[in-house]
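Open the model in your viewer with side chains shown as sticks. This tour goes from one selection to the next and says what to look for at each stop.

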Amino acid sequence: MDLLEAVQIKRHRLTVEQFDRMKEAGVFSPDVRVELIEGQVVELAPRGSRQHSAVSRLSRLLIEAIGDRALVSPQLAIRLDRMTELEPDLAVCKPRDDSYAAVLPTGADALLVIEIADTTLDYDVRVKGPLYARHGVPEYWIFDLPARALRRFRNARSDKYTDVSAFETPDIIALPGLQGTRVDLAGVL
């Protein structure tokens, strides 16, 4: 057990505004990736070459399939509420004239959020999944690199997805919120 968990202490939780100001001020080293989860700063695992490669391939496939009907963004932060700001590997968001320059997308803006898990599967499933579901992200995918599988989460209810499936060899899949748009995922893994 963590020493701080063993005693009752008052913790200071950050808002996303405070967190963003800290990032802008350079409080966090540029080579450290962090997210804000329910007011707590969480350090993320470093990205490896397999993860970078999968993000690049998937970005290209999604942009080709979607065109200008939605915004495909790698590593764009999503503000879920005033205490939680996550940085998924990829997000497909509703289009906006300013491409979210004025304000970060929210769960309601997201059509699909994608994580590429090389060493973070448990965190992506048990921590991020319930947060995305609770904040209205309609569909959440996790590419599980070690298992070479796609885990697909749909139908958010409260803080979980009720429709969960896995594909060992993902191929052509319809994209949520983009009627008739399909993407061939065979080459991602």
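At which residue does α3 bend, and by about how many degrees? The model is a predicted one, so read each stop below as a description of that prediction.

**Stop 1: helix α3.** Select residues 121-134, which make up α3. The bend is at K128 and comes to about 40 degrees. A proline, P130, follows within four residues of that point. Now check the length: at 1.5 Å a residue, the 14 residues of α3 should span 20 Å, and the end C-alpha atoms lie 19 Å apart, which agrees. Turn on a surface and look for the buried positions of α3, which are D124, K128, G129, P130, L131, Y132 and A133. Then step just past the end of α3 to G136, where phi is positive, at about 80 degrees.

**Stop 2: E35 and K128.** Go back to K128 and add E35 to the selection. Their side chains form a salt bridge, with an N to O distance of 2.7 Å. E35 sits in strand β1 (residues 34-37) and K128 in α3, so the pair links distant parts of the chain, 93 residues apart. Are these two residues buried or exposed? Both E35 and K128 are buried.

**Stop 3: R79 and D20.** Select R79 and D20 next. Here the N to O distance of the salt bridge is 2.4 Å. Because R79 belongs to strand β4 (residues 78-81) and D20 to helix α1 (residues 16-24), the contact ties together parts that are 59 residues apart in sequence. R79 has 22% relative accessibility and therefore counts as partly exposed. D20, at 13%, counts as buried, since the cut-off for buried is under 20%.

**Stop 4: the network around D20.** Keep R79 and D20 selected and add E17, K23 and E85. These five residues, E17, D20, K23, R79 and E85, are linked in a network of salt bridges.

**Stop 5: R151 and D144.** Move on to R151 and D144, whose side chains meet in a salt bridge at 3.4 Å, N to O. Which side of this pair is buried? D144 is, with a relative accessible area of 5%. R151, at 31% relative accessibility, counts as partly exposed.

**Last stop: the whole model.** Clear the selection and show every Lys, Arg, Asp and Glu side chain. How many salt bridges does a search of the whole structure find? The search finds 16; among them are the pairs E35 and K128, R79 and D20, and R151 and D144.

Terms used
Residues are numbered from 1 along each chain as its sequence is written. This is a predicted model: local features need pLDDT of at least 70, side-chain atom pairs count only at pLDDT 80 or more; totals for chains, interfaces and linings use all residues. Side-chain values use heavy atoms; hydrogens and water are left out. A salt bridge is a side-chain nitrogen of Lys or Arg within 4 Å of a carboxyl oxygen of Asp or Glu. Helices (H or I, at least four residues) and strands (E, at least two) are DSSP runs, numbered from the N terminus. Buried means under 20% relative accessible area, exposed over 50%, partly exposed in between (1.4 Å probe, protein chains only). The expected span of a helix is 1.5 Å times one less than its number of residues. The bend at a residue is the angle between axes fitted to the seven residues ending there and the seven starting there.
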